[in-house]
Amino acid sequence: MKLIPFILVGFLFSISVQAQLPNVFYQSLVDQVSYTEVEENLTELAGFGEKTLGSAAEENALNWMKDLYQSWGYTDIELHEVNAYGQSGYNLIVTKTGTLYPDTYIIVDGHYDTVNGPGANDNGSGTAVILETARILKDISTEYSIKFIHFTAEEWGLFGSYQYVEDIVIPQNLDIRLVFNIDQVGGVAGQINDTITCEQDESSPHHNNSESAAYTNDLMNYMETYGGLFTDLSYAYGSDYVPFQEEGFVITGIYEYNVSPYPHTPQDTLENLDFEFIHKVAKGTLGAVCHFAQATETMGIHEIDSSKIKIFPNPADRFIQVNTQGNEIQNVQLMDLSGRILLEEKFQQNDFQINTSGLADGIYILKISNGNSVSNQKIIVQHK
Ligand SMILES: [Zn+2]
């Protein structure tokens, strides 16, 4: 929950954007967002009780989320220790590797700690939305890597996100394309919850503000197109995107438009939420993340396990090295984006090079066929 400076409330305004046509593939994923799954996960989260930093409830919630990600098949799962006021707990970071830009990240984050109550809305709702997004995207290729991050100690002053930026983002010089923060999207039972507030960066430093405005404008379109919600534009403040924003990263976020009176009280419970609204928010969020991370439809009927095929360097200059780790390769084709075959070769060994020195800078498709299986991989040629 965020304390709204009262003087600014009057400046919130609604804009209505013409909903765009959905991407057919993204819509097919959005259709998989499950009301039941979101409801069950949110019920589980609220059931742990008050999840303050260092509490048993916080640790139980952490372990439960970790197990859930593992049950879906995620393997890159990290815990990052957070310390504040003599207590310690963990941020949970789950990474999904991108196909084209593995070292560039979309961060989808929200806090899971709570204060003075079970935090069904603040921020069980956002946590459940992130979980559902991760569940559906598990086996979907995305060009950019995604980090799903569940921060702790937000309620005590954004300690989890501040320490993550300080301990990891800056020392490791992480290349972050966008931080998408989800905090308190539960709606208010008994009210008409048909609008989501999308938040753009209006704070100093200002060099990242215009990019934030562009992403937030896109976010509003996706929330309308895939979530079926109206949108409201506001400014970002008081949640876990702030430490990233202060370091110059590009941020956006969502927050409920009908602001619940219950967060930070024992009444922040399931019965005070609007599950229909959360379901719509989850759909809009998934559609947005598909666009931000560039989810791609796999093209083959029988797909070779792409994670077993290593292609490097990518972007390539004079050659690309391909390692198929045991797949028997029969035919390799390099095509431009219109499908024109520029090069065709047969290889018996699973380790081979393709000469790219004669190709113009651009994006190409490398098609590797093996009997009835096929893998299409995007490669970039960029001459130095
Ligand atoms: Zn919150």
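## Close-up views of a predicted model

**View 1. The whole chain sets the scene.** The chain exposes about 16,300 Å². Carbon and sulfur atoms supply 49% of that area. The model is predicted. The chain holds nine helices and 18 strands. Of its 384 residues, 56% are buried. Contacts often reach far along the sequence: among those between residues at least 6 apart, 78% join residues at least 24 apart.

**View 2. The largest nonpolar core has 64 residues.** Six of them touch the most other members: Tyr-69, Phe-148, Phe-180, Ile-196, Ile-254 and Phe-292. Helix 9, residues 275-293, gives the most to this core, with eleven residues. Another core lies apart from it and has 19 residues, including Tyr-105, Ile-107, Val-242 and Phe-244. In soluble globular proteins, nonpolar side chains tend to be buried together.

**View 3. Phe-180 and its contacts.** Which residues does Phe-180 touch, not counting residues up to four places away in sequence? Among them are Ile-107, Val-108 and Asp-109. Leu-219 and Met-223 also touch Phe-180. So do Thr-252, Gly-253 and Ile-254. Thr-285, Ala-288, Val-289 and Phe-292 complete the list.

**View 4. Strand 8, helix 7 and strand 9 form a right-handed β-α-β unit.** Strand 8 covers residues 195-200 and runs parallel to strand 9, joined by six bridges. In one of these pairings, Glu-199 has Ser-234 of strand 9 as its bridge partner. Strand 9, residues 230-235, is mostly covered: five of its six residues are buried.

**View 5. Helix 7 has the span expected of its length.** This helix takes in residues 209-227, 19 in number. At 1.5 Å a residue, helix 7 should span 27 Å. Its end C-alpha atoms are 25 Å apart, which agrees. Just after helix 7 comes Gly-228, with a positive phi of about 65 degrees.

**View 6. Helix 8 carries Gln-245 and Pro-243.** The helix runs over residues 242-246. Is Gln-245 buried or exposed? Gln-245 has a relative accessible area of 4%, so it is buried. Leaving aside neighbours within four places in sequence, its contacts are Asp-201, Ser-203, Ser-204, Pro-205, Asn-208, Asn-209 and Ile-251. Pro-243 is buried too, at 2% relative accessible area. Not counting residues up to four places away in sequence, Pro-243 touches Leu-158, Ser-161, Tyr-162 and Val-165. Leu-158 is 85 residues from Pro-243 along the chain, yet their C-alpha atoms are separated by 8.0 Å.

**View 7. Strand 16 shows two faces.** This strand spans residues 351-355, and its side chains alternate. Phe-352 and Ile-354 point to one face and are buried. Asp-351, Gln-353 and Asn-355 point to the other and are not buried. Such alternation between the two faces of the sheet belongs to a regular strand. Strand 13, residues 319-323, pairs with strand 16 in the antiparallel sense over five bridges. Gln-321 has Gln-353 in strand 16 as its bridge partner.

**View 8. Glu-345 sits in strand 15.** The strand covers residues 341-345. Glu-345 has a relative accessible area of 33%, so this residue is partly exposed. Ile-368 lies 23 residues away along the chain. The C-alpha atoms of Glu-345 and Ile-368 are separated by 9.9 Å.

Key: Residues are numbered from 1 along each chain as its sequence is written. This is a predicted model: local features need pLDDT of at least 70, side-chain atom pairs count only at pLDDT 80 or more; totals for chains, interfaces and linings use all residues. Side-chain values use heavy atoms; hydrogens and water are left out. Helices (H or I, at least four residues) and strands (E, at least two) are DSSP runs, numbered from the N terminus. Buried means under 20% relative accessible area, exposed over 50%, partly exposed in between (1.4 Å probe, protein chains only). Contact means heavy atoms within 4.5 Å. Accessible areas come from the Shrake-Rupley method with a 1.4 Å probe; for residues, only the protein chains shown count as cover. A nonpolar core is a set of buried Ala, Val, Leu, Ile, Met, Phe, Trp, Tyr and Cys residues joined through side-chain atoms within 4.5 Å. The expected span of a helix is 1.5 Å times one less than its number of residues. Two strands pair if DSSP finds at least two bridges between them. A crossover is right-handed if, with the strands pointing away from the viewer, the path from the first strand over the helix to the second runs clockwise.
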